[in-house]
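Me: Please go through this model with me, and set each name that you use against its definition, so that I can see how the conclusion is reached.

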Amino acid sequence: MKKLIIITSFMFLYAGLHAQDAYTQQMQSAVTKLDAAKTTNDYEQLAINFMQIASSQKTQWLPDYYAAFCNAKIGWLKQNTDPDNIEAFANKSLEQIATAKSLLDTSKQKKELSEVYCIFSMANRAMVFINPMSNGRKYGPAAAKYITLAEQENPDNPRALYLDAWQKITTPKLWGGDKTEGKQLLNEAKQKLESNPSTGVEPHWGKTEIDDMLKKLK
């Protein structure tokens with residue numbers, strides 16, 4: 001009987017390790033594709049892929065986080081070309097990132113929480129893009145609030161610094177914008193990314209966005 005218990009325990013352990021290994025492989029494959037994504041179609045397909053992973057990994061926060069990022073990114077890409085079709089993606093992003101947050105121990109996982117707040121900010125900003133005149137007052141302050149929260153949880157988060165920079169650069173000076181400070185934040189964010197490069201499944205996006213914005217400032 002004792003021997004049977006040991007064998008059964010070993011089988012459960014092996015199955016658990018195998019499932020974890022499969023999850024890691026799936027995530028690495030999807031994140032590698034995400035690193036090369038450029039178009040709304042790329043991000044839309046990746047959002048579906050991440051949600052497929054999330055459906056079988058209900059305790060992992062990263063699949064929902066990445067699905068939310070992809071949908072928020074679609075909203076940002078549609079800002080100037082297709083604002084009428086942003087809302088569905090922004091709403092999906094808000095739902096998915098709320099799920100990701102619910103899977104964190106927010107008292108201990110401060111860096112992870114900072115990443116989550118970045119996506120909350122992006123999704124709220126995407127809602128502003130739909131109609132700045134009517135949505136700006138509701139979603140603009142929320143987007144700004146989440147940037148502040150992201151920086152509070154992790155002052156060294158380059159993605160939070162990038163979003164802060166974007167906000168300062170795109171906001172008119174009359175309303176608190178500051179292109180000089182924004183450019184400084186962009187350079188700080190870029191330096192942090194370059195000094196701590198990551199190619200794993202943990203959040204590491206931002207370099208392309210930062211470089212594109214720096215080019216526009218020249």
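Reply: A pocket is an open set of points, on a 1 Å grid over the protein atoms alone, with protein on both sides within 12 Å along at least five of seven lines, whereas a cavity is a set where a 1.4 Å probe fits but cannot get out; lining residues have an atom within 4 Å of a point. Grid points are joined across faces, edges and corners, and the volume is the space filled by probe spheres set on the points. By that procedure, the largest pocket holds about 1300 Å³ of space. The model is predicted, and local features need pLDDT of at least 70, side-chain atom pairs 80 or more, while totals for chains, interfaces and linings use all residues. Residues are numbered from 1 along each chain as its sequence is written, and side-chain values use heavy atoms, with hydrogens and water left out.

Me: Which residues make up the lining of the largest pocket, and what kinds of residue are they?

Reply: The lining has 44 residues, and Arg159, Trp205, Gly206, Lys207 and Glu209 are the ones nearest the centre of the pocket. Counting Ala, Val, Leu, Ile, Met, Phe, Trp, Tyr, Cys and Pro as nonpolar, Asp, Glu, Lys and Arg as charged, and the others, Gly among them, as polar, the lining divides into 18 nonpolar, 11 polar and 15 charged residues. The helices α1 (2-35), α3 (62-77), α5, α7, α8 and α9 (207-217) each supply at least two residues, and α9 has the largest share, with 7 residues.

Me: What lines the second largest pocket?

Reply: The second largest pocket, with a volume of about 650 Å³, is lined by 19 residues, of which Arg125, Val128, Gly136, Thr171 and Trp175 lie nearest its centre. At least two lining residues come from each of α5, α6 (132-153) and α7, and α6 gives the most, with 6 residues. By residue type, this lining holds 8 nonpolar, 8 polar and 3 charged residues.

Me: How many cavities of 30 Å³ or more are counted, and which residues line the largest cavity?

Reply: The count comes to 1 cavity of 30 Å³ or more, and the largest cavity contains about 30 Å³ of space. Its lining consists of Trp76, Ser121, Arg125, Ile147, Leu163, Trp166 and Gln167, of which 4 are nonpolar, 2 polar and 1 charged. Both α5 (110-130) and α7 (158-170) supply at least two of these residues, and the largest share, 3 residues, is that of α7.

Me: Why is Leu163 classed as buried or exposed?

Reply: Buried means under 20% relative accessible area, exposed over 50%, and partly exposed in between, with a 1.4 Å probe and protein chains only. Leu163, which lies in helix α7, has a relative accessibility of 2% and therefore counts as buried. Over the whole chain of 218 residues, 44% count as buried.

Me: What makes a stretch of chain a helix, and how many helices does the chain have?

Reply: Helices (H or I, at least four residues) and strands (E, at least two) are DSSP runs, numbered from the N terminus. By that rule the chain has 9 helices and 0 strands.

Me: How do you know whether the span of α2 agrees with what is expected?

Reply: The expected span is 1.5 Å times one less than the number of residues. For the 17 residues of α2 (residues 40-56) this gives 24 Å, and the end C-alpha atoms are 25 Å apart, which agrees. Helix α8 (residues 179-195) also has 17 residues, and reaches 24 Å from its first C-alpha to its last, close to the expected 24 Å.

Me: Which residues of α8 are buried, and why are they placed on one side?

Reply: The buried residues of α8 are Gly182, Leu185, Leu186, Ala189 and Leu193. They cover an arc of only 105° around the axis, so they lie on the same side of α8; the arc is that of the directions from the helix axis to the C-beta atoms. The face turned away from this buried side carries the exposed residues Thr180, Gln184, Gln191 and Ser195.

Me: How many disulfides does the structure hold, and why is Cys70 bonded or unbonded to Cys118?

Reply: A disulfide is a pair of cysteine sulfur atoms within 2.5 Å, and the structure holds 0 of them. The closest cysteine sulfur to that of Cys70 is in Cys118, 15 Å away, which is too far for a bond. Cys70 is buried, because its relative accessible area is 0%, and Cys118 is buried too, with 1%.
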